[in-house]
Amino acid sequence: MNKIVATISQIRNIDNLNIVEFEFDDTKLKMISLDLNEDTKVGQKVVLTTKPTHIAIAKNLQGELSYSNQILATIEEIDQGELLCVVNSKIDNTDLQSIITTDSAKRMNLKNNDKVILLIKASDMSILEVLND
């Protein structure tokens, strides 16, 4: 599981549906949630999580996408298997891991030190822990 420490910047809700916005390394992130813990408040630091299989990678991206979370990162290491590829990326002091097909990694010609955009749907992000200051 990937872990991202972020600060809640906004919570919008209608009925049970919540859209929570976060600040992470000068990047705005969003999460869709049906239920929020009572401790979840604007200004609160949290640990966000997402599965490596829920992070897509874009290289030389142009145009608009519906992905709410688009994080600029640098590839640190690529562990290429026969079918799947584990791509380890870094954003300042945060390491994120993505699992994609080896065919995609080859087609994109991914290499160490490449600048890429990590794409995460808002519905694939969740709060793992609310941090108490």
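**Exercise 1. Find the salt-bridge partner of K90, and state how exposed each of the two residues is.**

Step 1. K90 has a relative accessible area of 27%, so K90 is partly exposed. This value, like the others below, comes from a predicted model.

Step 2. The salt bridge of K90 is with D95, and the closest N and O atoms are 3.0 Å apart.

Step 3. D95 has a relative accessible area of 48%. Exposed would need over 50%, so D95 counts as partly exposed.

**Exercise 2. Which residue pairs with K59 in a salt bridge, and which parts does the pair tie together?**

Step 1. K59 forms the bridge with D114; their closest N and O atoms are 3.1 Å apart.

Step 2. K59 sits in the loop between β5 (56–58) and β6, while D114 sits in the loop between α1 (102–107) and β9, so the pair ties together parts that are 55 residues apart in sequence.

Step 3. K59, at 22% relative accessibility, is partly exposed. D114, at 14%, is buried, because buried means under 20%.

**Exercise 3. Describe the salt bridge of E23, then place it among the salt bridges of the structure.**

Step 1. The partner of E23 is K28, with the closest N and O atoms 2.7 Å apart.

Step 2. E23 is partly exposed, at a relative accessible area of 32%. K28 is exposed, at 53%.

Step 3. The structure holds 5 salt bridges. Among the residues that take part in salt bridges are R12, E21 and K30, which are linked in a network.

**Exercise 4. Is S98 buried or exposed, and what does its side chain reach?**

Step 1. S98 belongs to strand β8.

Step 2. Its relative accessible area is 2%, so S98 is buried.

Step 3. The side chain of S98 reaches the backbone oxygen of I55 at a distance of 2.5 Å.

Step 4. With neighbours within four places in sequence left aside, the contacts of S98 are P52, I55, I57, C85, V86 and V87. I55 therefore appears both in this contact list and as the residue whose backbone oxygen is reached; contact here means heavy atoms within 4.5 Å.

**Exercise 5. Describe the largest nonpolar core and the surroundings of L48, one of its residues.**

Step 1. The core has 28 residues, and those with the most contacts inside it are F22, L29, L48, I57, I71, L110 and L118.

Step 2. Elements that give two or more residues to this core include β1 (2–14), β2 (17–24), β3 (27–33) and β4 (45–50). Further along the chain, β6 (69–80), β7 (84–91), β8 (94–101) and β9 (115–120) do so too.

Step 3. Beyond four places in sequence, L48 is in contact with N2, K3, I4, A6, F22, L29, M125, S126, I127 and L128. F22 and L29, in this list, are also among the residues with the most contacts inside the core.

**Exercise 6. Which residues form a nonpolar patch on the surface with I32, and how exposed is I32?**

Step 1. The patch consists of L17, I32 and L34, with about 280 Å² of accessible area together.

Step 2. I32 lies in strand β3. At 39% relative accessibility, I32 is partly exposed.

**Exercise 7. Locate T7 and list what it touches.**

Step 1. T7 is in strand β1 and is partly exposed, with a relative accessible area of 24%.

Step 2. Not counting residues up to four places away in sequence, T7 touches E21, F22, E23, G43, Q44 and K45.

Step 3. T7 and V20 lie 13 residues apart in sequence, and their C-alpha atoms are 10 Å apart in space.

Technical notes. Residues numbered from 1 in each chain as written. Predicted model: local features only at pLDDT ≥ 70, side-chain atom pairs only at ≥ 80, totals over all residues. Heavy atoms only, no water. Core = buried A, V, L, I, M, F, W, Y, C linked by side-chain atoms within 4.5 Å. Buried < 20%, exposed > 50% of the residue type's maximum accessible area, 1.4 Å probe, protein only. Helix = DSSP H or I, 4+ residues; strand = E, 2+ residues; numbered from the N terminus. Patch = residues over 30% accessible without salt bridge, like charges linked within 9 Å, V, L, I, M, F, W, Y side chains within 5 Å. Areas by Shrake-Rupley, 256 points an atom, 1.4 Å probe, with all protein chains shown as cover. Salt bridge = Lys/Arg side-chain N within 4 Å of Asp/Glu carboxyl O. Polar contact = N/O pair within 3.5 Å; in protein donor to acceptor, adjacent residues only side chain to side chain.
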